[in-house]
Structure formats: structure tokens, C-alpha cells
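Trainee: Could we go through this model together, one question at a time?
Mentor: Happy to. Have a look at it first.

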Amino acid sequence: MTNKPWHKDTLSVRGGLRRSQFDETSEGLFLNSGYVYPSAEDAEAAFKGDLERFVYSRFGNPTVAMLQDRLAALEGAEAGLVTGTGMAAMFAAVASVLNAGDRIVASRALFGACYSIIDQVLPRWGVEREFVDGTSLEAWQKALSRPAQIVFLESPSNPMLDIVDIKAVAEMAHAAGAMVVVDNVFATPTGQSPIELGADVVMYSLTKFHDGHGRVMGGALLGRDEFINGDLLKFFRMSGPVISPFNAWVILKSLESMSLRVERQARNAARIAAMLADHPMIDAMRYPHHPSHPQHELAMRQMNHGGPLVTFNVKGGKPAAFAMMNALEVIDISNNLGDSKTLICHPYSTTHSSLSEAERMDMGITEGTARLSAGVEHIDDLIGDLTAALDKA
Ligand SMILES: Cc1ncc(COP(=O)(O)O)c(C=O)c1O
């Protein structure tokens with residue numbers, strides 16, 4: 001293990017690096033499921049826990065271990081576990097902790113599948129769930145006036161970029177006995193450090209900005225050693241939501257350029273937000289570091305940059321939003337995000353189409369809403385593409 005008190009830019013290139021006996025420069029890809037032992041006694045000792053070594057890739061793999069250690073170092077966490085998808089990570093976090101009769105309190109503005117696990121799956125197992133308006137500290141205070149085991153939140157939220165005051169909510173959650181899990185996908189590791197703000201566990205879909213090139217899927221949970229290598233690891237080893245070592249290796253290599261990419265993506269997003277804020281075809285624009293954001297002061301305090309996502313409302317509803325999207329020549333229509341290519345989606349008819357009209361209204365998603373994930377292209381090409389498309393709409 002080579003994790004040292006380096007800057008994040010150095011840790012994302014060198015954190016967790018372990019070289020094999022071949023002294024390779026780049027991280028090795030260990031694409032194997034099993035391991036061999038020099039003797040039956042060694043195998044017995046490994047299974048007894050007397051010998052620390054890899055025994056089976058559902059339990060651990062050298063390439064995956066490098067990724068886990070690098071992500072933990074970047075996040076300022078003691079330990080990490082990597083999963084096959086972001087949803088596998090989210091599910092493992094709640095399933096490894098909650099028992100029948102327990103309580104989970106969550107912000108309402110969550111990625112759809114996270115919302116559904118809490119809303120539909122956990123109650124089947126006797127877990128009480130309560131959703132709150134994540135932007136209201138009074139709502140959190142009321143919900144956390146009773147004991148809870150988990151507080152789950154996403155900030156900024158998908159797609160409306162609502163901000164939760166992580167520090168204040170973590171204090172209330174801890175007083176109620178709850179472990180705080182933060183989905184930090186939209187903020188990215190360079191934009192926000194939930195552990196420094198008091199969170200216990202940080203969750204990622206590595207599919208997004210960590211891979212950053214729209215290739216492979218992955219998820220991560222980063223936090224205290226006692227939880228990660230305790231209840232979580234026990235659940236993980238039994239249920240097996242592992243990442244392929246190949247996908248882990250792709251993400252390891254992507255991490256080397258993550259801060260460069262995200263820096264450019266956040267800068268592009270801020271420029272796009274500034275252009276949209278003054279555009280006559282736009283009747284509302286959300287960007288955390290733009291002065292018009294309703295929680296601008298909190299976003300400036302909590303986030304190092306405004307993030308790579310911008311959400312806006314096109315005047316004229318769905319026909320105008322669709323006309324704008326169909327007229328784009330550089331920017332692609334996609335429900336994915338975090339790619340080095342700029343992507344745009346219409347949450348009302350895609351990512352959030354399974355929600356009821358009332359739920360969408362509650363979250364502020366209208367038929368004119370578009371969510372843009374800024375890529376690394378030249379800003380003039382992106383602004384030119386968007387303004388030309390808005391002219392056609
Ligand atoms: C905020 C957020 N959390 C979690 C997930 C789930 O991640 P995955 O698709 O890797 O399972 C996503 C995916 O879009 C997301 O945007």
C-alpha cells in the first residue's frame with residue numbers, strides 16, 4: 001500500500017498502487033477468479049484467517065483492492081468496497097445495516113432506483129421509511145426527533161440540483177443514532193468531501209465521473225474500517241455484488257485523469273449555466289455555484305466547484321425541449337451522465353417517467369426540464385451548439 005498524505009491529484013494517480021514481482025509501471029490487471037496455495041496447510045491457514053492473502057475473487061482481488069484503496073485515500077476514508085454498479089453499492093449499504101423494525105430517513109430528491117429501494121423494497125422487510133424535503137433543516141429535525149439507523153441523502157440531487165446541508169444533517173442524524181450515507185455522484189470527489197462534513201459513508205456510481213468515458217459500470221462505498229470491513233464486508237462476501245477486475249482496472253486508469261476532466265467539465269458547466277441564465281428561451285436554470293441558485297450560499301460553502309451538471313427549463317414545455325434536443329449537433333441525447341462527451345436528457349419522459357405527476361411536480365421536474373452533463377469539449381462549440389438549438393426551438 002502506498003497511500004500517503006499526498007494531494008488528491010497525486011492520490012488519484014498513485015494511491016493504492018501495489019506492484020507485482022514483475023515491477024510493471026501501470027497497474028496490473030489480475031483477471032482471475034481463484035488463487036493457488038503452496039501447500040494444503042497454507043490453504044487451511046488462509047481460511048482460518050491466520051494468513052492474510054487473496055483466496056477467491058468474490059472476496060478480494062489485487063486489481064479491485066488497488067481501486068478500493070485509491071478511492072478510500074481520495075475520499076479521506078479509512079476503507080472502501082467496490083461493487084459491480086452504483087445500485088449494488090447503495091443496496092449493500094442499506095441491506096447490511098437494517099433489520100426489521102429499524103428506521104431509515106431519506107431526502108425525497110434521490111436518483112430513482114435509490115428512491116425505489118427505500119420506498120418499495122425496505123418496507124417489505126419491515127423497515128420504516130420516511131422521506132423529507134432535503135433542503136429543509138426543520139423537516140430533518142422533525143424526522144430525526146425519533147431514533148433512526150440510516151440517513152440517506154444525495155447532494156446535489158438528480159435532476160434539480162437541490163443541496164442538502166450535510167454538516168447540519170449529519171449532526172442531527174448522529175444525535176438520533178443514525179449512520180449517514182451520502183450519494184456524492186453529482187458533486188464528484190473533487191467537488192465535495194462528505195466525510196469532512198460529518199458523513200459516515202460516501203456512495204458512488206463509478207459508472208459516471210470515475211470511469212468518465214461511458215465504458216464500464218461500478219459502484220463504491222467508502223467509510224470507516226469498522227463498518228466497511230465489518231458488517232458490510234460480511235454481507236458483500238455472501239451476496240457477491242463484485243465488480244469485474246477488468247472493469248476495476250479500466251476505472252483505476254480513468255482515475256489518473258479524473259481531476260483534470262472534472263475541472264474542465266465543471267468550468268464548462270459554469271459557462272453554460274451563465275449563458276442559459278440570460279437566455280430568453282429559458283425560464284429557470286439551476287447550477288449550484290450560480291448566484292440564482294436558491295441555496296447558493298450553502299453550495300458555495302459546501303462545494304469546491306459547482307459540479308458538471310446544469311438543469312434548465314425550456315419555455316414552451318415538451319415540444320420546445322424536444323425541438324431543442326433534436327437540433328443539437330455536438331451534444332448527444334442520453335440518460336447517462338459523467339461522460340467526457342456532453343450529454344443531455346429530458347428527465348420527465350425518461351429517467352423520472354416512472355414517478356407520478358405529483359411526485360415529479362414535487363421535485364420541480366416539468367415537461368420543459370432538461371438536464372445537461374457537461375463534457376470536456378471546447379466551450380465555444382458547446383455554447384454554439386446550445387444557442388443554435390435554442391434558436392430552432
Ligand atoms: C445519483 C446517482 N446515484 C446512483 C446511480 C446508480 O448507479 P449505477 O447506474 O452505476 O447503478 C446513478 C445512476 O445514474 C446516479 O445518477
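Trainee: Which residues of H4 are buried?
Mentor: Keep in mind that this is a predicted model. Buried here means under 20% relative accessible area, and helix H4, residues 86-95, is mostly covered, with seven of its ten residues meeting that mark. They are Gly86, Ala88, Ala89, Met90, Ala92, Ala93 and Val94.

Trainee: At the start of H4, which backbone nitrogen does a side-chain oxygen of Thr85 reach?
Mentor: Look at the beginning of the helix. The side-chain oxygen comes to within 3.4 Å of its partner, and that partner is the backbone nitrogen of Met87.

Trainee: Where does the second largest pocket lie?
Mentor: This pocket has a volume of about 290 Å³. Of its 20 lining residues, Gly86, Met87, Phe111, Ser205 and Lys208 are the closest to its centre. H4 and strand E6 (201-205) each give two or more residues to the lining. Both domains contribute to that lining, so the pocket lies between domain 1 (8-255) and domain 2 (258-392).

Trainee: And which element gives the most to the lining of the largest pocket?
Mentor: That pocket holds about 920 Å³ of space. Its lining has 37 residues, with Phe54, Phe59, Gly60, Leu233 and Arg237 nearest the centre. Helices H2 (40-48), H3 (62-75) and H8 (225-239) and strand E1 (79-83) each supply two or more. With six residues, the top contributor is H3.

Trainee: How many residues in the lining of the largest pocket are nonpolar?
Mentor: Sort the lining by class. Nine residues are polar and seven are charged, while the nonpolar ones number 21.

Methods
Residues numbered from 1 in each chain as written. Predicted model: local features only at pLDDT ≥ 70, side-chain atom pairs only at ≥ 80, totals over all residues. Heavy atoms only, no water. Buried < 20%, exposed > 50% of the residue type's maximum accessible area, 1.4 Å probe, protein only. Helix = DSSP H or I, 4+ residues; strand = E, 2+ residues; numbered from the N terminus. Polar contact = N/O pair within 3.5 Å; in protein donor to acceptor, adjacent residues only side chain to side chain. 1 Å grid on protein atoms, 1.4 Å probe; cavity = no way out; pocket = protein on both sides within 12 Å on 5 of 7 lines; lining within 4 Å. Points joined across faces, edges and corners; volume = space filled by probe spheres on them. Nonpolar A, V, L, I, M, F, W, Y, C, P; charged D, E, K, R; others polar. Domains from an automatic or database assignment.
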